[in-house]
Amino acid sequence: GGDLDKSISDAEAKIENADATLKAKKERKDQLEAELKEHTASRDEAKETMSKATALREKEAATFAKESSDLKTNVAAIAKAVTALEKGASGSAFLQTPAALLVKTWAME
């Protein structure tokens with residue numbers, strides 16, 4: 001009977017050890033699942049933030065492109081006007097004289 005008792009005792013010890021190992025592995029699995037859920041939520045949040053930021057940057061880029069085009073058009077128009085004024089300044093010296101002021105006043109009446 002001693003061998004049988006020892007065998008039973010050894011088997012019970014192995015069962016307790018296996019139960020403890022199983023319990024530890026289940027706790028580790030539960031912990032990993034919780035971490036995975038947390039990381040998945042963080043990843044989803046990061047994707048949403050990136051999507052919003054990308055949309056904002058695209059909107060800003062479109063606004064900049066339009067404003068830049070408008071400003072370039074205005075600068076080109078001003079440059080042409082300045083060139084025209086510089087070319088015409090020698091012939092328009094009359095506009096700076098008192099006689100021109102008189103003519104302008106008379107024409108406005």
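**Exercises on salt bridges in a predicted model**

The side chains of R57 and E60 meet in a salt bridge, with 3.1 Å from N to O. The coordinates come from a predicted model.

**Exercise 1.** Determine how R57 and E60 are placed relative to one another along the chain.

*Solution.* Begin with the contact: the N to O distance for R57 and E60 is 3.1 Å, and a salt bridge requires a separation within 4 Å. Next, locate the residues: both belong to helix α1. Finally, count along the helix: R57 and E60 are three residues apart, which amounts to about one turn. As for solvent exposure, E60 has a relative accessible area of 42% and is therefore partly exposed.

**Exercise 2.** Explain which spacing in helix α1 separates K26 and D30.

*Solution.* First, K26 and D30 form a salt bridge whose closest N and O atoms lie 3.1 Å apart. Second, helix α1 covers residues 2–89, and the two residues are four positions apart within it, so about one helical turn separates them. Third, D30 is classed as partly exposed because its relative accessibility is 36%.

**Exercise 3.** Classify K29 and E33 as buried, partly exposed or exposed, and describe their contact.

*Solution.* Buried means under 20% relative accessible area and exposed means over 50%. K29, at 47%, is therefore partly exposed. E33, at 43%, is likewise partly exposed. The two residues form a salt bridge, the closest N and O atoms being 3.3 Å apart. Because K29 and E33 are four residues apart in helix α1, about one helical turn lies between them.

**Exercise 4.** Place these pairs in the context of the whole chain.

*Solution.* The structure holds six salt bridges, among them K26 with D30. The secondary structure consists of two helices and zero strands. Of the 109 residues, 2% count as buried. The accessible surface comes to about 10,000 Å², and carbon and sulfur atoms contribute 63% of that area.

How values were computed. Residues are numbered from 1 along each chain as its sequence is written. This is a predicted model: local features need pLDDT of at least 70, side-chain atom pairs count only at pLDDT 80 or more; totals for chains, interfaces and linings use all residues. Side-chain values use heavy atoms; hydrogens and water are left out. Buried means under 20% relative accessible area, exposed over 50%, partly exposed in between (1.4 Å probe, protein chains only). Accessible areas come from the Shrake-Rupley method with a 1.4 Å probe; for residues, only the protein chains shown count as cover.
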